[in-house]
Amino acid sequence: MPTPIVVVLCLVSLLLGGGVAGFVAFKQGVKSRMKFAESHIESAEKEALRIVNEAEEKARSEKKTALVEAKDEIFKLKENAEKERNRLKAEADRDAKERRAEFTRSEKRLQQKEENLDKKTDKFEKMEESLLAKHKKADESLQEAEKQKQLQMDVLQRISGFSNEEAKAHILQLLDDKLDREKAVKIKAQEQRIKDECDAKARSYISLAVSRLASETVSELTVSVVPLPTDEMKGRIIGREGRNIRTLEQLTGVDLIIDDTPEAITLSSHDKVRREIARISLERLIQDGRIHPARIEETVERARRDIEVRIKQEGERAVMDANVNGLNHELVRLIGRLYYRTSYSQNVLAHSLEVAHLAGILAAELGIDTTAARRAGLLHDIGKALTHEIEGSHVNIGMDVLRRYKEKPEIIHAVEAHHGDVEPRTVLAAIVQAADAISAARPGARSESYENYIKRLQKLEEICSGYNGVERAFAIQAGREIRVMIKPEAVNDDGMVVLARNIAEQIEKEMEYPGQIRIHLIRESRAVDFAK
C-alpha cells in the first residue's frame with residue numbers, strides 16, 4: 001500500500017501541475033482578448049477619423065452656402081436701401097418745393113397787408129388832422145360859450161342877489177323839501193295800508209287760534225275739603241289736648257278748620273303743594289285709623305314723596321301734550337312744579353300749555369317753526385316754579401334756568417321778551433308774547449285780588465324765613481297768623497322773644513294789611529334713643 005507521504009506528495013504534485021496549467025491557459029486567454037480589443041480600437045479610430053473628415057467636409061460646404069446666401073441678402077438690402085433713399089429724397093424735394101411755394105405766397109400776402117396798412121395809416125393821419133382842426137374850433141366855441149355863460153351868471157347874480165353857491169344850495173333845498181313832502185305822504189299811506197293789513201291778519205290769526213283751542217278758565221281756590229266717614233273722626237283728628245291737629249298743622253303749614261260742617265274738614269292754605277300734602281296725609285290717616293303724632297309724621301313724609309312723583313308725572317304729561325322733545329329732565333321736573341303754582345288764580349301749568357298751543361297755531365299760520373314756538377310757549381313761565389326759592393322776577397329766573405340747561409338763544413329771548421321787558425327781536429318772541437296775552441285775557445282766566453292776596457301771604461313767609469334760626473314759616477288763617485318753626489339749637493327761649501319782636505317790626509314796616517297779624521314762634525326739642 002502506498003504510504004501517506006506518497007499520497008500527499010502526489011496530491012501536491014497534481015495541484016501544482018493544475019495551477020501551472022491554469023496560469024498558462026489564463027495568460028493565453030488574456031493575450032487573445034488584448035489582440036481582439038486592439039483590433040476593435042483600431043477600427044473605431046478609423047471610423048472616428050472618417051466621421052471627422054465627413055463633418056469637416058460638410059461644414060465647409062455649408063459655410064460656402066451660407067456665404068453665398070449672406071452675399072445675396074446683403075445685395076438685396078443694399079438695393080432696398082438705395083430705393084428707400086431715392087424715395088425719401090424725392091419726398092424731401094417735393095416738400096421743399098411746396099414750402100418754397102407757400103413761403104412765396106405768404107410773402108406776397110404780407111407785402112399786400114403792408115401796402116393796405118400804409119394806406120390806412122395815411123387815412124388815419126388825415127382824419128387826425130381833421131379832428132384836431134375840429135377840436136381846436138370846438139375849444140374856441142366852448143371858450144366863447146363860457147364867456148357868454150359867465151356874463152349871464154353875472155347878470156343873474158346881480159338880479160337875484162344870490163351867489164353861485166347860494167343859488168345852488170337854495171335849489172337843492174327846494175328839491176329836498178319837495179322830496180320830503182312826497183316821501184312823507186307815501187310813507188304815511190304805506191304805513192296805513194300795512195297797519196290795516198296787519199290788523200286784519202292779526203285779528204284773523206288770533207280768532208283762528210282762540211277758536212281752535214278750548215281751555216278751562218276756572219280759578220284755583222285756597223281751600224280743600226276732606227270728607228269724613230263720621231263726625232266722631234273729628235275728635236280723633238284733634239287728639240288729646242289738640243296734639244294731633246297741632247302736629248299736622250306744624251308739619252304741613254296748613255290751617256285745619258273744624259267747624260259745624262257735618263262730616264267734613266276744611267284745609268286752608270295759599271300754597272297748593274302744602275294743601276295737597278295735607279289732604280293726602282289726612283285721607284290716609286282717616287283710612288288707616290291710627291292717628292297719633294308719630295304716625296302723622298310718617299304719613300306726611302310719605303305724602304311729600306308722592307307729591308314729588310306727581311310733579312314729575314305732571315311735567316312729563318305736559319311735555320307730551322305740548323309735543324316738545326329733548327328737554328332736560330330737570331326742566332321737565334320744573335314744568336311739573338308749575339301744576340301747583342297759580343298766577344292771578346290761573347293754574348300756571350295749564351296757562352303754559354295753553355300758550356304753547358296758541359304759539360304753535362300762530363306760528364303755523366305765519367310759516368314759522370311750530371316746534372320752536374311750542375317749546376318757547378311751554379317754557380315762558382318756567383321761572384315761576386322757583387320764585388319762592390330765588391330772588392328776582394320770574395322772567396330773570398327763567399332766563400337763568402334756561403341758560404343753565406343749554407336752551408337755544410331764540411328760546412331764551414322769547415322768555416325774556418314775553419312781558420315786554422325788552423323789545424322782541426324775533427318773530428318767535430312776538431308770537432309767544434301775543435299767545436301769553438291771549439291766554440291771560442280769556443274771560444274768567446285771572447283774578448287780580450286773589451293774586452294780591454297770595455303775594456301778601458308769600459311776603460309774610462319770606463320775611464320770617466329770612467332770619468337766622470328759622471327752619472320754616474307758614475302763613476295761615478288768611479294771613480292773620482303766621483307760624484314760625486325755630487331750630488332749637490340756634491335760638492333759645494329768651495331769643496325767641498327778641499326774634500318775635502324783630503319779625504313784627506319788619507312786617508309793620510314793609511307790609512300793608514288789615515287788622516293785626518299774630519306771630520306764633522314754635523320751638524320744640526326732642527330726645528330720641530333706642531332700646532336694644
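**View 1. Arg295 is a buried partner in a salt bridge.** Arg295 has a relative accessible area of 14%, so this residue counts as buried. Welcome to a predicted model; this first close-up shows how the side chain of Arg295 meets that of Asp288 in a salt bridge, with N and O 3.2 Å apart. Asp288, by contrast, is partly exposed, because its relative accessible area is 33%.

**View 2. Lys459 and Glu510 link distant parts of the chain.** Here a salt bridge brings together Lys459 and Glu510, and their closest N and O atoms are 3.7 Å apart. The two partners are 51 residues apart: look for Lys459 in helix α13 (residues 448–465) and for Glu510 in helix α14 (residues 493–510). Lys459 has a relative accessible area of 34%, so this residue is partly exposed. Glu510 is partly exposed too, with a relative accessible area of 43%.

**View 3. Asp288, Arg290, Arg295 and Glu298 belong to one network.** Return now to the pair from the opening view. Asp288 and Arg295 are joined with Arg290 and Glu298 through salt bridges that share partners. In general, side chains of opposite charge can pair when their charged atoms come close. If you would like to look for further pairs, a search of the whole structure finds 29 salt bridges.

**View 4. Arg483 and Glu481 form a salt bridge.** The closest N and O atoms of this pair lie 3.2 Å apart. Are the two residues buried or exposed? Both Arg483 and Glu481 are buried.

**View 5. A patch of negative charge sits on the surface.** Seven names are worth finding here: Glu114, Glu115, Asp118, Asp122, Glu125, Glu128 and Glu129 gather in this patch. Take Glu128 as your guide; its place is in helix α1, which covers residues 4–160. With a relative accessibility of 49%, Glu128 counts as partly exposed, because the exposed class begins over 50%.

**View 6. Side chains alternate along strand β1.** Follow residues 223–227 and see which way each side chain points. Ser224 and Val226 point to one face and are buried, while Val223, Val225 and Pro227 point to the other face and are not buried. Such alternation between the two faces of the sheet is what a regular strand shows.

**View 7. Strand β1 runs antiparallel to strand β3.** How many bridges join β1 to β3? There are 5 bridges between β1 and β3, the latter made of residues 264–268. To find one of these contacts, start at Pro227, whose bridge partner in β3 is Ala264.

Technical notes
Residues numbered from 1 in each chain as written. Predicted model: local features only at pLDDT ≥ 70, side-chain atom pairs only at ≥ 80, totals over all residues. Heavy atoms only, no water. Patch = residues over 30% accessible without salt bridge, like charges linked within 9 Å, V, L, I, M, F, W, Y side chains within 5 Å. Areas by Shrake-Rupley, 256 points an atom, 1.4 Å probe, with all protein chains shown as cover. Salt bridge = Lys/Arg side-chain N within 4 Å of Asp/Glu carboxyl O. Lys, Arg positive; Asp, Glu negative; His and termini not counted. Charge placed at Lys NZ, Arg CZ, Asp CG, Glu CD. Helix = DSSP H or I, 4+ residues; strand = E, 2+ residues; numbered from the N terminus. Buried < 20%, exposed > 50% of the residue type's maximum accessible area, 1.4 Å probe, protein only. Pairing = 2+ DSSP bridges.
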